[in-house]
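Work through the exercises below with the sequence and the model in view. Try each task before reading its solution.

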Amino acid sequence: MWEGDGWLLLYKRLSESRFQWPRSPEEVRLLTQQQFRWLMEGLTVTPKKSVRPVEPPEYTG
């Protein structure tokens with residue numbers, strides 16, 4: 001990978017000798033560069049839990 005001032009050589013070692021995703025042909029999809037980086041860092045491209053917005057409580061003083 002070129003970083004603008006030199007080349008960076010990356011090395012990825014697989015856990016249990018395989019990637020976790022995709023597990024079936026239905027899960028195959030195009031990835032953005034950011035999503036690919038997330039996968040290479042051990043993260044996921046889909047959130048496990050959704051976070052819902054919370055309104056701050058009103059304080060009366």
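Four exercises on this predicted model follow, each with a worked solution.

**Exercise 1. The protein as a whole**

Find how many helices and strands the protein has, and what share of its residues is buried.

Solution. Start with the secondary structure: there is 1 helix, and the number of strands is 0. Next, take the chain of 61 residues; buried residues account for 7% of them. Last, turn to the surface. The protein exposes about 6800 Å², and 55% of this area is supplied by carbon and sulfur atoms.

**Exercise 2. Q35 and T46**

Decide whether Q35 and T46 are each buried, partly exposed or exposed, and place both along the chain.

Solution. Begin with Q35, which is found in helix α1, residues 33-40. Its relative accessibility is 17%. Buried means under 20%, so Q35 counts as buried at 17%. Leaving aside residues up to four places away in sequence, Q35 touches R29, L30 and V45.

Now take T46, in the segment after α1. T46 has 39% relative accessibility and therefore counts as partly exposed. Finally, relate the two: T46 and Q35 are 11 residues apart along the chain, and their C-alpha atoms are separated by 9.2 Å.

**Exercise 3. The aromatic pair**

Classify the arrangement of the rings of W2 and W7.

Solution. Two values are needed, because a pair of aromatic rings is described by the distance of the centres and the angle of the planes. The count for the protein comes to 1 aromatic pair. In this pair, W2 and W7, the ring centres are 5.2 Å apart and the planes stand at 65 degrees, so the arrangement is edge-to-face; the cut-off for that class is over 60 degrees. As a last step, check accessibility. W2, at 49%, counts as partly exposed, whereas W7 is exposed, with a relative accessible area of 69%.

**Exercise 4. The second largest pocket**

Give the volume of the second largest pocket and describe its lining.

Solution. First, the volume: about 220 Å³ of space lies in this pocket. Second, the lining: the residues are M1, L10, Y11, K12, Q33, F36, R37, M40 and E41. Third, sort them by type: 5 are nonpolar, 1 is polar and 3 are charged.

Terms used
Residues numbered from 1 in each chain as written. Predicted model: local features only at pLDDT ≥ 70, side-chain atom pairs only at ≥ 80, totals over all residues. Heavy atoms only, no water. 1 Å grid on protein atoms, 1.4 Å probe; cavity = no way out; pocket = protein on both sides within 12 Å on 5 of 7 lines; lining within 4 Å. Points joined across faces, edges and corners; volume = space filled by probe spheres on them. Nonpolar A, V, L, I, M, F, W, Y, C, P; charged D, E, K, R; others polar. Helix = DSSP H or I, 4+ residues; strand = E, 2+ residues; numbered from the N terminus. Buried < 20%, exposed > 50% of the residue type's maximum accessible area, 1.4 Å probe, protein only. Contact = heavy atoms within 4.5 Å. Areas by Shrake-Rupley, 256 points an atom, 1.4 Å probe, with all protein chains shown as cover. Phe/Tyr/Trp six-rings, centres within 6.5 Å; stacked < 30°, edge-to-face > 60°.
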